[in-house]
Amino acid sequence: MIGLDISSSSVKLVELDQTAGGEVVLERFASEPFEQGWITDGQIEKFDEVADAVRRLVQKCGTRTKNVAMAMPQSAVITKKIMLPAGLREDEMELQVESEANQYIPFSLDEVSLDFSVIGPSASSAGDVEVLIAASRKDRVQDRQGLAEAAGLKPVILDIESHASRLAMGRVIGALPNAGKDALVALFEIGADTTSLKVLRDDEMLYDRDQAFGGSQLTHLISRQYGFSYEEAEHKKLAGDLPEDYEGGILEPFVDSLSQEIGRALQYFFTSTPHHKVHYVMLAGGTATLPGLKDRVTELTGFASMVVNPFDNMKLGRSVRESKLRREAASYLTACGLAMRRFVQ
């Protein structure tokens, strides 16, 4: 099964395999950019153009795998944890979930795709199990399925983006000293328009908040300064093909401003929770690899900062170029988590 991550700026694909000894192998990773406005706030505005891009990506990377795991943006999914009696049969549980879902979902159940997952025994209520309900509007779900089918793929899993990135983070945190046990990890996923902060400890998410800043702001600055179109500016930014004054005039002030936003987001976490420190600040997304960002964040916050590589400690397949992987790995966190669903049902 391949993982396919559709964001507002691009579609990313990851294919993983496993050796007989259980080692994970990265067989393929690739991306295809979108033009501005094709996807806005997780909503597909230009279906045919996005479908063409997905088709190009699948052909370009040369995979023969048809089964695909995809994800919905968190903003398009309503989730709720509920308690149900342990020992219910599957059909009994479905009826209970539907009855509970009616209270939390502001649409008719006919208009939504609904699913649930048993998390495990309740810590606070003996004899009960904790169940996670997830619901999204059918039209949003069908859009994602339609994109996969237009590219000749078979959608078998539809996850939530934040859950997929957390699955990939499990490997990253597990590689920390003492396997990351009890460590408070602040994960900043810097997207094109939105940056999300998730604070993780062991398997628990303690905090989750989105802020409206991201890598597209740098592209807009480049576009305005040098008179490029947005697409041209994005291409030149990624290729490192910019005038000599770019670094001092645009990049450094932007890195400084982004680091301050990250610092403010952490302060907000500290003032709204009992916590007053984190052990690690981890940066993901294409913008995470900007020169100087990691060091500036460490300097401003006082916490060890690192760029996430979800493929660390994986074997690399023959078609994987290491230099490209080093440059781009941080932007594949969600796609990697989706591909990992092959091993975690």
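# A walk through the predicted model

Ser 216 lies in helix H5, which covers residues 216-226. The model is predicted. Ser 216 is buried, because its relative accessible area is 7% and buried means under 20%. Its side chain makes a polar contact of 2.9 Å with the side chain of Asp 193. Leaving out residues up to four places away in sequence, Ser 216 touches Ala 192, Asp 193 and Tyr 230.

Stay with H5 and move to the nonpolar interior. The largest nonpolar core has 34 residues. Which of them touch the most other members? They are Phe 188, Ile 222 and Val 278. Several elements give two or more residues to this core. The strands are S11 (184-190), S12 (195-201) and S14 (280-284). The helices are H5, H7 (246-272) and H8 (293-301). H7 provides the largest share, 11 residues.

Ile 222 repays a closer look. Neighbours within four places in sequence are set aside here. Ile 222 is then in contact with Gly 227, Phe 228, Ala 233 and Lys 237, and also with Leu 242, Tyr 246 and Ile 250. A second, separate core holds 29 residues. Among them are Met 169, Leu 200, Tyr 332 and Ala 335.

Ala 335 also leads to helix H10. This helix spans residues 333-340 and is mostly covered, with 8 of its 8 residues buried. The buried residues are Leu 333, Thr 334, Ala 335, Cys 336, Gly 337, Leu 338, Ala 339 and Met 340.

Now turn to empty space. Rolling a probe the size of a water molecule over the atoms shows where empty space is left. The second largest pocket contains about 1,700 Å³ of space. Its lining counts 45 residues. Which of these lie nearest the centre of the pocket? They are Ser 117, Leu 132, Asp 159, His 163 and Arg 341. Strands and helices both contribute two or more residues to the lining. The strands are S6 (67-72), S7 (78-85), S8 (112-121), S9 (128-137), S10 (154-160) and S13 (204-211). The helices are H3 (138-150) and H4 (161-174). By character, the lining of this pocket divides into 22 nonpolar, 12 polar and 11 charged residues.

Closed space is another matter. How many cavities of 30 Å³ or more does a search of the whole structure find? The search finds 1. About 50 Å³ of space lies in the largest cavity. Its lining includes Ile 78, Thr 79 and Lys 80. Ala 101, Tyr 104 and Ile 105 line it too, as do Ile 133, Ala 134 and Ala 135. S7, helix H2 (90-104) and S9 each supply at least two lining residues. The lining of this cavity divides into 7 nonpolar, 1 polar and 1 charged.

H2 also holds Glu 94. Is Glu 94 buried, partly exposed or exposed? Glu 94 counts as partly exposed, because its relative accessibility is 39%. Glu 94 and Lys 66 are 28 residues apart in sequence. Their C-alpha atoms are 30 Å apart in space.

Another glutamate, Glu 15, is found in strand S2, residues 10-18. Glu 15 is buried, because its relative accessible area is 10% and the limit for buried is under 20%. The side chains of Glu 15 and Thr 65 are joined by a polar contact of 2.7 Å. Beyond residues up to four places away in sequence, Glu 15 touches Ile 2, Val 25, Leu 26, Glu 27 and Arg 28, together with Thr 63 and Thr 65.

Finish with the backbone. Most residues other than glycine have a negative phi. Asp 182 is not a glycine, yet has a positive phi of about 65°. Asp 182 is found in the loop between H4 and S11. At 46% relative accessibility, Asp 182 counts as partly exposed. Asn 313 also has a positive phi, near 65°, and is a residue other than glycine. The loop between strand S15 (305-307) and strand S16 (315-316) holds Asn 313. Asn 313 is exposed, because its relative accessible area is 63% and exposed means over 50%.

Technical notes. Residues are numbered from 1 along each chain as its sequence is written. This is a predicted model: local features need pLDDT of at least 70, side-chain atom pairs count only at pLDDT 80 or more; totals for chains, interfaces and linings use all residues. Side-chain values use heavy atoms; hydrogens and water are left out. Helices (H or I, at least four residues) and strands (E, at least two) are DSSP runs, numbered from the N terminus. Buried means under 20% relative accessible area, exposed over 50%, partly exposed in between (1.4 Å probe, protein chains only). A polar contact is a pair of N or O atoms within 3.5 Å; within protein, one must be able to donate a hydrogen and the other to accept it, and residues adjacent in sequence count only if both atoms are side-chain atoms. Contact means heavy atoms within 4.5 Å. A nonpolar core is a set of buried Ala, Val, Leu, Ile, Met, Phe, Trp, Tyr and Cys residues joined through side-chain atoms within 4.5 Å. On a 1 Å grid over the protein atoms alone, a cavity is a set of points where a 1.4 Å probe fits but cannot get out, and a pocket is an open set with protein on both sides within 12 Å along at least five of seven lines; lining residues have an atom within 4 Å of a point. Grid points are joined across faces, edges and corners, and a volume is the space filled by probe spheres set on the points. Ala, Val, Leu, Ile, Met, Phe, Trp, Tyr, Cys and Pro count as nonpolar, Asp, Glu, Lys and Arg as charged, and the others, Gly among them, as polar.
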